[in-house]
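Biologist: I would like a close look at a single part of this model, with its surroundings described contact by contact. Please add a few other places along the chain afterwards, so that I can set that part in context.

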Amino acid sequence: MLFARAALLLLIAFVGLVVGAEDFYKILGLKKDATEKQIKSAYRKLSKKFHPDKNPGDETARVKFIEVSDAYEALSDADSRRVYDQYGHEGLKQHKQQGGGGGHHDPFDVFNRFFGGGGHFGQQQRRGQDAHIKVPISLPDFYNGRTTEFQWNKQQVCEHCSGTGAADGKVETCSSCQGHGVKIVRHQLAPGMFQQVQMQCDQCGGRGKSIKHKCPVCAGQRVIRKPTPVSLVIERGMDDGTKIPYENEADAHPDYVAGDLVVELMLKEPDLEEDNPDHLDGVFFRRKDNDLHWREVLSLREALFGDWTRNLTHMDGHVVRLGRKEGEIIQPGHVDTIPGEGMPIWHEDGDSVYHKTEFGNLYVEYVVVLPDQMDNSLKKDLKSVFDKYRKKHGVDLQKDSGRPEKPVMHQGHEHEEL
Ligand SMILES: [Zn+2]
Ligand SMILES: [Zn+2]
C-alpha cells in the first residue's frame with residue numbers, strides 16, 4: 001500500500017512535468033478573468049468527473065484528474081495565480097522552489113481538502129448529513145426568473161490548520177487509548193465476575209489522536225462555521241416548493257464527504273416597499289399552479305352600464321387591458337378567463353429553440369361595490385326611477401331580486417360615480 005502510494009506520487013510528478021505546458025485556465029475551461037467562484041465551481045465539476053474512483057482503469061481520466069488538481073492548486077491561491085499569470089509555468093515552478101506555497105500536492109489531498117473526506121468516492125466513505133434551506137422568493141422572481149445569491153452559515157474545514165486542529169500541524173496518537181478511540185472498562189459484577197464494556201475514549205473523543213497546541217482559529221475543532229455564499233438560479237415558472245440540490249455542498253468535515261445542500265424555493269408574501277419599486281399590479285396576483293388570480297373592484301355604475309377600462313400592469317411591466325363596452329353588464333363574482341396571462345409554464349429544458357414558453361391563464365374576478373353613503377338628492381332620484389318602473393310593470397320578484405334578464409334601466413342618471 002505504502003509502495004503503491006509512493007509510486008503514484010512519483011507518477012504524478014512525472015505527469016506534471018510532461019503535461020506542464022497545458023494552460024491552467026484551458027484545463028479548467030475558464031477564461032483568464034475567471035472569478036474565484038468560477039475556479040472553484042470548475043474544479044468541483046471536473047475533479048468529480050475525472051476522479052479515478054469514477055473511472056476505474058481509465059488512464060486518460062486519471063491524467064485529467066491530476067491536471068485539474070494542478071490547475072486548481074495554482075489558480076485558487078491569489079499569490080501563485082499572480083505569478084502564473086505573469087510568468088507562466090516556469091515562473092510558477094521557480095516561485096514554488098523559493099518556498100512560495102507548497103510543492104507538488106497529492107491530487108487526492110487537494111480533492112480531500114475541497115470536499116472533505118478521504119479523497120475518494122465509495123460506500124465505505126462516511127457521508128455527512130444533507131442540509132435543507134428554505135429561501136423565500138417573490139412572485140415576480142418566479143414569473144421573470146432570476147439569478148441571485150444567498151448566504152448560509154456553513155461548516156467548513158478550518159483553512160488555518162488544514163483540518164488538523166493543531167496550531168503547529170502536529171497530531172499525536174492519544175496516550176489514553178493508544179489511538180484506538182475506545183477503551184475497555186471492566187466492571188465487577190460479583191466477586192470473580194467481570195463485565196467488559198467498550199467505551200469511547202473521553203480524552204480524544206474517539207478520534208484516537210490528541211493535539212498539544214490547539215489551532216487558534218478553530219480551537220482544535222478542525223472546522224469552523226462561516227457565512228458562505230451560494231448562487232441560485234430561479235428559472236421562469238418554477239414552483240413554490242421546488243427543491244434544487246447542490247451535490248456535496250452541505251457541512252464539510254475532514255473525516256467525511258459532505259452531504260448535499262438542498263435549497264427549497266418558498267413563495268414570499270409581497271412586500272410593498274421592497275418588492276414593488278415599479279408599482280406593478282401583478283405583484284399582488286395570487287398564484288395557483290400555472291394560473292394567476294386577480295380581483296378587480298367595479299362601481300355599481302360600471303357593473304350596470306359598462307363603458308369602462310382598467311390597465312393591469314403585469315409582473316414584467318406589460319399591460320393587460322380589462323374593460324366592457326357601453327351596455328355590457330358584469331355580475332358580481334363574474335370571472336373573466338384571460339389565456340396566456342398566467343405563469344410561464346416551467347420546462348425542464350428551459351427556454352430554447354426546441355421549446356417556446358407557454359403560459360397559464362389569468363382569472364379576473366369582479367367585485368361590485370355598492371356605495372354605503374349616497375347624496376340625498378341622488379338617492380331620491382334613483383328611488384323614483386325604480387318606483388316609476390315598478391308602477392308601470394307591477395311587482396316582479398324576479399326583477400326586484402336584482403337578477404336582471406336584460407338591462408333594467410335605460411335612462412342614465414349621471415349625477416356622480418356610484
Ligand atoms: Zn483516546
Ligand atoms: Zn484550525
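Modeller: What follows is a walk around one helix and its two partners, and then a visit to some sites elsewhere.

The model is a predicted one, and its secondary structure comes to eleven helices and 15 strands. The chain has 418 residues, of which 21% count as buried. Among contacts with a separation of 6 or more, 66% join residues that are 24 or more positions apart.

The part I would choose is helix α4, residues 59–76. With its 18 residues, α4 reaches 26 Å from first C-alpha to last, close to the 26 Å expected at 1.5 Å a residue. Buried positions in α4 are R62, F65, I66, E67, V68, S69, D70, A71, Y72, E73, A74 and L75, a list that includes the charged residues R62, E67, D70 and E73.

One partner of α4 is helix α3, residues 36–50, whose axis comes within 9 Å of the axis of α4 and crosses it at roughly 160 degrees. Because angles over 145 degrees count as roughly antiparallel, α3 is roughly antiparallel to α4. The crossing of these two helices is left-handed. From α3 the contact takes I39, Y43, L46, S47 and F50, and from α4 it takes A61, K64, F65, V68, S69, Y72, L75 and S76. Sorted by character, the residues of this contact are nine nonpolar, three polar and one charged.

The other partner to consider is helix α6, residues 107–115, whose axis also comes within 9 Å of that of α4, here with a crossing of roughly 60 degrees. This crossing, too, is left-handed. On the α4 side the contact uses F65, I66, S69, Y72 and E73, while α6 contributes P107, V110 and F111. Six of the residues in this contact are nonpolar, one is polar and one is charged. Reading the two contacts together, F65, S69 and Y72 of α4 appear in the contact with α3 and again in the contact with α6, and these residues are also on the list of buried positions in α4.

For contrast, consider helix α10, residues 376–393, which also has 18 residues and reaches 26 Å from its first C-alpha to its last, close to the 26 Å expected. Helix α10 is hardly covered, since none of its 18 residues is buried, whereas α4 has the buried positions named above, R62 and L75 among them.

Before α3, the loop between α2 (24–27) and α3 holds K32. K32 counts as exposed because it has 8 C-beta neighbours inside 10 Å. Although K32 and D85 are 53 residues apart along the chain, their C-alpha atoms are separated by 8.3 Å.

Two loop residues deserve a careful look at the backbone. Q178, in the loop between β3 (172–173) and β4 (182–190), has a positive phi of about 55 degrees although it is not a glycine. R222, in the loop between β6 (209–210) and β7 (223–234), has a positive phi of about 75 degrees and is not a glycine either. Their surroundings are unlike in coverage: Q178 counts as exposed, with 11 C-beta neighbours inside 10 Å, whereas R222 has 22 such neighbours and therefore counts as buried, the cut-off being 20 or more.

Further along, H334 sits in the loop between β13 (319–326) and β14 (335–344). H334 has 14 C-beta neighbours inside 10 Å and so counts as partly exposed. From C-alpha to C-alpha, H334 is 7.9 Å from V367, a residue 33 places away in sequence. Within strand β14 itself lies T337, which is exposed, with 11 other C-beta atoms within 10 Å. The C-alpha atom of T337 is separated by 6.6 Å from that of V364, 27 residues apart along the chain. Setting aside neighbours within four places in sequence, the contacts of T337 are N361 and Y363.

Methods:
Residues numbered from 1 in each chain as written. Chains lettered and ligands numbered in written order. Predicted model: local features only at pLDDT ≥ 70, side-chain atom pairs only at ≥ 80, totals over all residues. Helix = DSSP H or I, 4+ residues; strand = E, 2+ residues; numbered from the N terminus. Expected span 1.5 Å × (residues − 1). Buried ≥ 20, exposed ≤ 12 C-beta atoms within 10 Å, placed from the backbone. Axes fitted to C-alpha atoms, helices over the stretch in contact; angles between N-to-C directions. Parallel < 35°, antiparallel > 145°, perpendicular 65-115°, else oblique. Left-handed = near helix turned anticlockwise from the far one by under 90°. Contact = placed C-beta atoms within 7 Å.
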